[in-house]
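Welcome, and thanks for opening the viewer. Let's walk through this model stop by stop, selecting as we go.

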Amino acid sequence: MTVSATARTTEQTKALTAIEQLVRFALERGLIESVDEDYARNLLLEMFGFSEPYLGEEEPEQLEGPQPALDILIDYAFGIGLFPENTDTYRDLLNAKIMGNLLARPSEMLREFNRLAHAHGIEAATNRFYQLSIDSNYIRMDRVSKNVYWEHESEYGVIEITINLSKPEKSPKEIAMAKLLPPPVYPKCLLCRENVGYAGRVNHPARQNLRTIPLTLNGEPWFFQYSPYVYYNEHCIVFHHDHVPMKLTKDTLRRLLEFVDVYPHYFIGSNADLPIVGGSILTHDHFQGGRHTFPIQTAPKEAVFSHPDYAGTTASIVKWPMSVLRLTGTDKEILLELANKIYEDWKQYSDPDADILAFSGEGANKVPHNTVTPIAHRTPDGSYEMDLVLRNNRTSEEYPAGIFHPHEEMHHIKKENIGLIEVMGLAILPGRLKEELDLAADILAGDTELYDTLVRQENHSLAQHKPWIMELVAKYGRSRSKEKAWKLVQSEVGSIFVEILGHAGVYKRTEAGQEAFRRFVSHLGCRPVE
């Protein structure tokens with residue numbers, strides 16, 4: 001049923017005003033062109049059951065971002081029964097649908113991207129594409145801005161810490177509903193190309209406002225898009241055309257180097273391809289990149305080596321809590337060959353004295369454990385640089401979650417895989433820590449009642465932090481200001497993350513560990529550069 005101007009309520013007037021604001025915002029930001037204005041407005045009027053647009057005399061307030069107007073429309077939609085429950089999940093499904101009506105088709109977006117790249121360079125094209133991804137509300141900057149971020153000074157340089165609050169949490173009812181749904185068939189995962197324009201469902205986000213850019217890597221079709229959660233500046237995802245599992249090969253390394261040829265202002269990296277040391281999605285081959293200088297990239301070289309068979313390239317041990325070989329050279333093909341040699345040799349390499357075993361089991365039950373996390377970028381002089389972070393995914397009775405994984409005493413801060421982003425020195429910590437760390441700071445600032453309750457109650461909300469908090473109290477007391485207590489907690493968490501990276505390092509930062517690292521470099525046939 002449509003609503004005429006004579007029977008409008010205040011809520012309806014607010015909704016119509018919001019529609020007008022969104023259409024004008026889309027025009028101003030170039031999401032649509034002037035010829036699309038009436039069409040886009042009519043799509044939204046139909047969606048909310050209106051027969052006429054906003055006809056008020058007052059000019060609607062200009063928007064800095066779409067979310068305020070979207071919230072008004074989504075509230076109105078819930079009020080008229082367009083979705084069953086007023087939860088983040090259902091609101092997000094409608095949010096993407098609204099903005100999808102205010103965004104150019106994929107082909108039009110691609111034409112503009114290619115035009116800008118040809119006329120002004122790839123950097124101008126990605127600048128525009130990134131801003132469109134924000135303006136279309138695909139990247140939810142209203143949520144990303146809530147993430148907690150700080151820097152931690154360490155012996156390895158500045159380490160970055162974030163508490164991730166940008167992913168909305170599902171209600172228990174939604175989680176239960178999702179479990180009742182059949183396994184996804186279409187799209188098969190969050191990285192599949194079929195997500196573009198997809199309406200979503202309770203167990204899969206809507207993607208009507210997602211756009212992607214096709215590109216060719218190693219003669220194969222891939223796609224480029226931005227992450228909706230942008231953990232760092234211009235956080236992008238490069239994913240395979242087909243739903244194929246991650247497999248790290250020489251072709252993977254070649255794709256990374258080809259990407260930085262086309263996008264020289266971005267870094268790109270791949271998660272490792274084995275469980276525990278890999279990323280969260282191993283079922284669809286993909287990379288992550290972006291325009292950000294990570295702590296690992298500024299970490300100094302401790303020892304430089306060359307190999308007689310790979311002229312013009314160097315391999316350096318990097319001062320980093322994990323075990324990193326940095327390859328540098330001007331010839332992409334030679335550097336690729338050296339990177340692949342190191343990778344293939346590492347997959348077969350064992351050093352029992354350093355607790356490094358490439359395989360377990362025998363025959364058909366033989367299980368590989370060694371792999372790498374590769375990261376590529378261009379240096380200011382145009383050279384190629386590739387970091388190969390050595391990984392091993394063995395478990396043991398002492399460390400059932402992984403020998404080279406955050407150990408159990410660290411799980412109160414982070415127990416998830418150490419993936420590509422963390423490897424590079426940016427901690428992505430769970431959202432629960434925002435409140436938990438704030439309460440820990442309250443204790444250090446003198447909240448005696450909270451501390452006494454924590455000590456007495458086994459099932460306290462801070463129970464998993466109890467040994468750590470008691471250690472902090474013994475070390476620092478409970479008489480600081482809240483501001484100083486919070487800074488202290490941040491510093492301690494930063495130190496824990498550095499220690500976690502050390503746990504993930506296959507060669508420890510000890511004399512024996514570094515001697516073992518050099519044994520592997522010598523095994524490769526590399527020689528020190530004098």
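## Stop 1: the cavities

The largest cavity has a volume of about 40 Å³. Keep in mind throughout that you are looking at a predicted model. In total, three cavities of 30 Å³ or more turn up.

To see the largest one, select Leu103, Met109, Leu132, Ser133, Ser136, Tyr138, Asn209, Leu210 and Arg211, which form its lining. Colour them by chemical class and you will get five nonpolar residues, three polar and one charged.

## Stop 2: strand S4 and its partners

Next, select residues 220-226, which make up strand S4. How many of its seven residues are buried? Six are, so S4 is largely enclosed by the rest of the structure.

Now add residues 213-217, strand S3. S3 and S4 run antiparallel and are joined by five bridges. To find one bridge pair, pick Leu215 and look across to Trp222 in S4. Then move to the hairpin of these strands, where two residues lie between them. Asn218 has a positive phi near 60° there, a good spot to check in your backbone torsion plot.

Add residues 236-240 as well, for strand S5. S4 and S5 are also antiparallel, with five bridges between them. Here, Phe224 sits opposite Val238 of S5. While you have the strands on screen, a general reminder: side chains in a regular strand alternate between the two faces of the sheet.

## Stop 3: the nonpolar cores

Keep Phe224 selected and add Phe48, Ile98, Phe259 and Tyr507: these five have the most contacts inside the largest nonpolar core, which has 101 residues. Which helix gives the most to this core? Select residues 10-28: that is helix H1, and it contributes eight residues.

Zoom in on Phe259. Beyond its neighbours within four places in sequence, Phe259 contacts Leu215, Leu217, Phe224, Val238, Tyr266, Phe267 and Ile268. You have already met some of these: Leu215 as the bridge partner of Trp222, and Phe224 facing Val238.

For a second, separate core, select Val148, Leu433, Ala441 and Val493, which are among its 54 residues.

## Stop 4: a buried glutamine

Finish at Gln297, in helix H10 (residues 295-298). Is Gln297 buried or exposed? Its relative accessibility is 17%, and the cut-off for buried is under 20%, so Gln297 counts as buried. Show its surroundings: setting aside residues up to four places away in sequence, Gln297 touches His292, Arg326 and His377.

How values were computed. Residues numbered from 1 in each chain as written. Predicted model: local features only at pLDDT ≥ 70, side-chain atom pairs only at ≥ 80, totals over all residues. Heavy atoms only, no water. 1 Å grid on protein atoms, 1.4 Å probe; cavity = no way out; pocket = protein on both sides within 12 Å on 5 of 7 lines; lining within 4 Å. Points joined across faces, edges and corners; volume = space filled by probe spheres on them. Nonpolar A, V, L, I, M, F, W, Y, C, P; charged D, E, K, R; others polar. Buried < 20%, exposed > 50% of the residue type's maximum accessible area, 1.4 Å probe, protein only. Helix = DSSP H or I, 4+ residues; strand = E, 2+ residues; numbered from the N terminus. Pairing = 2+ DSSP bridges. Contact = heavy atoms within 4.5 Å. Core = buried A, V, L, I, M, F, W, Y, C linked by side-chain atoms within 4.5 Å.
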